[in-house]
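Let's take a walk through this one together, starting from the outside and working toward the details. Have the viewer open as you read.

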Amino acid sequence: MGTNQLLERMLTNQDLIRRFRNLGMIFELFLSIPCTSSVCERGFSAMKRIKSDWRTCLQPGMMDHLMAISLCGPPVDQYQANRGVQLWLAGAQRQRRVQGILDADD
């Protein structure tokens, strides 16, 4: 029996899960460990792109949001900004004088 078959059997067979709880948890932890450090490297690359010499005063919360968008968001050419612009316009304390922005992409 190969490793993949053993792991599949251990994680799907309810009788084995009950009998070997600790071993099942070890298998789940083993499967959650990434094989490479590429995810970390992508994160550091995104941070380097975002936090340049011109943007050294970013707060940690804003940095976190920008990195999440960079790593998990849609590609720039597929992003639809209309919803965000509408929320921005609706949440204004004063009237914003922006004409034609929302209608230009339709």
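**From the surface inward**

The accessible surface of the protein adds up to about 9700 Å², and carbon and sulfur atoms hold 56% of that. Keep in mind that this is a predicted model. Of the 106 residues in the protein, buried ones make up just 10%.

As for the fold, you'll find 7 helices and 0 strands, so the pattern along the sequence reads α-α-α-α-α-α-α. Among the contacts with a separation of 6 or more, 16% link residues that sit 24 or more positions apart.

How far can you trust the coordinates? The mean pLDDT is 80, with 88% of the residues at 70 or more. Confidence peaks in helix α5 (residues 60–72), at a mean of 89, and bottoms out in helix α7 (residues 101–104), at 55. Where pLDDT is low, don't read the predicted coordinates in detail.

Now zoom in on helix α2 (residues 14–19), home to both aspartate 15 and arginine 19. Their side chains meet in a salt bridge, at 3.8 Å from N to O, and the count for the model is 1 salt bridge. Why can these two reach each other? Side chains of opposite charge can pair when their charged atoms come close. Here the partners are 4 residues apart in the helix, so about one helical turn separates them. Arginine 19 counts as exposed at 55% relative accessibility, while aspartate 15 is partly exposed at 37%.

Just along the chain, Phe20, Leu23 and Ile26 form a nonpolar surface patch, with about 260 Å² of accessible area together. Of these, isoleucine 26 lies in helix α3 (residues 21–32).

Conventions: Residues numbered from 1 in each chain as written. Heavy atoms only, no water. Patch = residues over 30% accessible without salt bridge, like charges linked within 9 Å, V, L, I, M, F, W, Y side chains within 5 Å. Areas by Shrake-Rupley, 256 points an atom, 1.4 Å probe, with all protein chains shown as cover. Salt bridge = Lys/Arg side-chain N within 4 Å of Asp/Glu carboxyl O. Helix = DSSP H or I, 4+ residues; strand = E, 2+ residues; numbered from the N terminus. pLDDT = per-residue confidence, 0-100. Buried < 20%, exposed > 50% of the residue type's maximum accessible area, 1.4 Å probe, protein only. Contact = heavy atoms within 4.5 Å.
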